[in-house]
Amino acid sequence: MKRTAQYIILCTLSLCTFSCRPTGDDLISYGQNDFIAFYESSSSYAGEFKAFWTAMNENYGIWDYEEEKGLDWDKVYTAYLPKFEALDDTTRKIKVTDDDLKDLYCEFLDSLHDGHTYLQIKNIQTDKYVEIIPSANRNERERGAAFKNEKDNITNLDFYRTLTEDDLYGALAYDATGSRLIIAEVIDSTCSRLIRGAEAYIAGVNKAGGPNEFNDSIYIAMTKLVPAAKKLQKSIADSMDSSDEVKELVKTYHTFCSENNILAMQMNVATPLIDDKLTGDELISVYYALFHGNIAYLRFGGFGLSSYLDASAPSDTTSLLYAYHQAVNRVWGKWFNAIQTLHANNELGGVIIDVRNNGGGSIGDYPFVLGALLPSGGYDSHYLRVKEGTGRLDFSPLVPFTLPTYSQQHAVITEQPIVILVNTHSVSMSEVTTWGVKCQENGYVIGTRTWGGLSALNDEPSMYSTTYSGGFGEQNVTPFFGYVPRFVSLFGEDKQILEGVGITPDKEVALDVNYWTSQKRDNQLEAALDYIHNK
Amino acid sequence: MTRKIQVLLCALLLCSALPVSAQWRVGVSGGGDYNWFTINKQYMNNYHYDGAWGWSAAVFGQYNFKDWLGLRFEVEASERNHRVYRSGMMDGTNYINRNTYLQLPVMAQFSFGGEKVRGFVNAGVYAGCWLAGRQQGTYKDSFSGNTYRINAPYEFQKDKDQRGDFGLAGGIGMEFRLVEHWAMHIEGRCYYSFISTVKPYMEHVKDNRYNTTLGIQAGFAYIF
């Protein structure tokens, strides 16, 4: 019995001896502007790199995919830490320019495949941030001139509006809106009213024998107003290409209004000011056309329709935002109603959804675009996997991702062709919509391969305290900042990730730049119309 | 896996060559277990990992060198489950990771007491293999706000998931001799894994996660 007790004691001791388990590292969160987390990053390139590497390691949602594609994140650490340490070498007093720092980071970050990732890293010597967008660099590198051509040539439908109803390419009905269109309309109409008023005043004074001592100064001001207003009108067409140009135009318009305020009051002409919101990029343009009388076309600059279609109008009915809200409803409504009417009359030829140069946006738009053609109740588009946990390969269970479809009674388009026009600058929701079209039996994709950014991100970096992934740091505040994928989309039965790849069209049609610049004709759009016509 | 089975069979054959005066027994056992998952959840405050119940079933053989000392070896299938749930805004995610292991405990058995009722203590080691995983429950996707019911096999990640397992096995129980050749037993069993369920796939970050399983099982043995 004594021996038995000895054995038991021996075994208990053995248990205690062997029961040590190697523990893991304790990690710091880089989610917020935490002094301790970013302390080393503020004073050392190597410290900044180590913290950035770790933050990426914990937050970036597709490391498995990157490894499949040949990127070894551990090797990046081993290979690049000495390079950053060398920058800290005080004895050599190396001057690190912003370009040097960006080039060094781009050496390994440009390999990333995610289509949304946006990174910002501070140069501790210059105190300036360098921006890195790996997907933009990748697309520019891989797609060459087409990348620039497609972006720079934003098509309009002016040529097709000149054609007759009998022409396949003829846009019988047409309507459009957008903040820039509204701005242009406001400036143009205000200037026109002022010119008319001023010219009438000048004519009246001239008729009365010319200016006298009482109206001389107003008369001179009116004569100056007319050419100034005409100049402003003329500049509209040339000042709408970028948001900076639009902002500058609006600034000029506001100065013009301020300088001529008394004259405008005298002429009883209102000079509405343009809301800052209208000058931003958040208010998209929407175009509708009815080609050949039976092909309903919708184009929009970004997935932000639902903010207007789903929401109540602003209370101030005199505001330009109200006008914009109404116009978006009107233009989209024409597209939707045309489909309903033509379908009911068995006359619908097809539908074209144009997402070229569409940078994506809210999934709330799905019911108003492809979802308006699919049955109510949602569409199981793909699978979703979420980055959860601090481990590089920690993911959530895979869940089906159901996109919302139009909930009210509507025609389901199952027979007539649904064509989606895409290009390299079709990103995110544009690509998810393209996938949806591709999966329909009557769906067809025309254009060039899409951007390759189909995963989704946190709505806001401030969500980090809930999600613990999808971003790190604070933009323009912490030594580095990252906006990285958290929700990974997996497509098809084989659950493939399409980041950095995009969606390949059923029919590859590159934009014919000469055709566009010389004749203002859009060969991609015409390919879609030809396809529907020949169906 | 095949190699491990071969080793076990060889051990059984060697044991069979031992003196016939020694006592052999074979039997089956089964029961339930409760597994704790040890993980450093770091700063993720609204993540919670709880233990979860599972089952176990085994066939075993035992060779007694003396009336108080035996060598016990088993082939056991068991679950080592744990629950993952989230609180706060992510409330709605609540699922069980069901993990089925095949394991081979080899233990010394120290017994004491009378002929009819004997107490025993098992102490030894085990080697195991993570055969399959399944995730069951609900998952709230914070992107759409939808909560999905999930019940799908876990897809192993070859770079991350550690299939192999090794650790300490031990138990304490009572055996009741029913008739001359038959006995039944109940036992409280513990498996304490030394092997992280995650491979050291990150060179510069150490992240270890372990299972500890307590089970209660009952079984019958035929005593030769």
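Which residue in strand 2 of chain A is the bridge partner of Leu119(A)? The partner is Ile132(A), and that pair is a handy way into this predicted model. From there, the briefing moves through the two sheets of chain A, then its domains, and ends where chain A meets chain B.

**The four-stranded sheet**

- Leu119(A) and Ile132(A) are bridge partners within a longer match: strand 1 (residues 118-123) and strand 2 of chain A run antiparallel to each other, joined by five bridges.
- These two strands belong to an open sheet of four strands in chain A, ordered 2-1-12-11, with antiparallel pairing.
- At its edges stand strand 2 (128-132) and strand 11 (471-472) of chain A, each of which pairs on one side only.
- Helix 3 (residues 45-59) of chain A packs on this sheet and touches strand 1, strand 11 and strand 12 (480-483) of chain A. The direction of helix 3 makes about 20 degrees with that of strand 12 of chain A.
- Helix 6 (residues 98-109) of chain A also packs on the sheet, touching strand 1 and strand 2 of chain A, and its direction makes about 30 degrees with that of strand 2 of chain A.

**The seven-stranded sheet**

- Chain A has an open sheet of seven strands as well, in the order 3-4-5-6-9-10-14, and here the pairing is mixed.
- Strand 3 (171-177) and strand 14 (507-508) of chain A each have a single partner strand, so one side of each is left without a neighbour in the sheet.
- For strand 14 of chain A, a parallel pairing with strand 10 (residues 443-447) of chain A is made over two bridges. Look for Gly447(A), whose bridge partner in strand 14 is Glu508(A).

**Domains of chain A**

- Chain A is divided into domain 1 (30-132 + 380-403 + 456-496), domain 2 (154-177 + 284-373 + 411-451 + 501-535) and domain 3 (182-275).
- The centres of domain 2 and domain 3 of chain A, taken over C-alpha atoms, are 36 Å apart.
- Seven residues of domain 2 and five residues of domain 3 of chain A make up the contact between them.
- On the domain 2 side, helix 16 (residues 320-344) of chain A gives the most, with five residues. By class, that side has five nonpolar, two polar and no charged residues.

**Where chain A meets chain B**

- In this interface, 37 residues of chain A are in contact with 41 residues of chain B.
- Elements of chain A that give two or more residues include helix 1 (2-18), helix 5 (73-87) and strand 7 (379-386).
- Helix 1 of chain A provides the largest share of the chain A side, six residues.
- The chain A side has 19 nonpolar, 12 polar and six charged residues.

Technical notes. Residues numbered from 1 in each chain as written. Chains lettered and ligands numbered in written order. Predicted model: local features only at pLDDT ≥ 70, side-chain atom pairs only at ≥ 80, totals over all residues. Pairing = 2+ DSSP bridges. Contact = placed C-beta atoms within 7 Å. Nonpolar A, V, L, I, M, F, W, Y, C, P; charged D, E, K, R; others polar. Domains from an automatic or database assignment. Axes fitted to C-alpha atoms, helices over the stretch in contact; angles between N-to-C directions.
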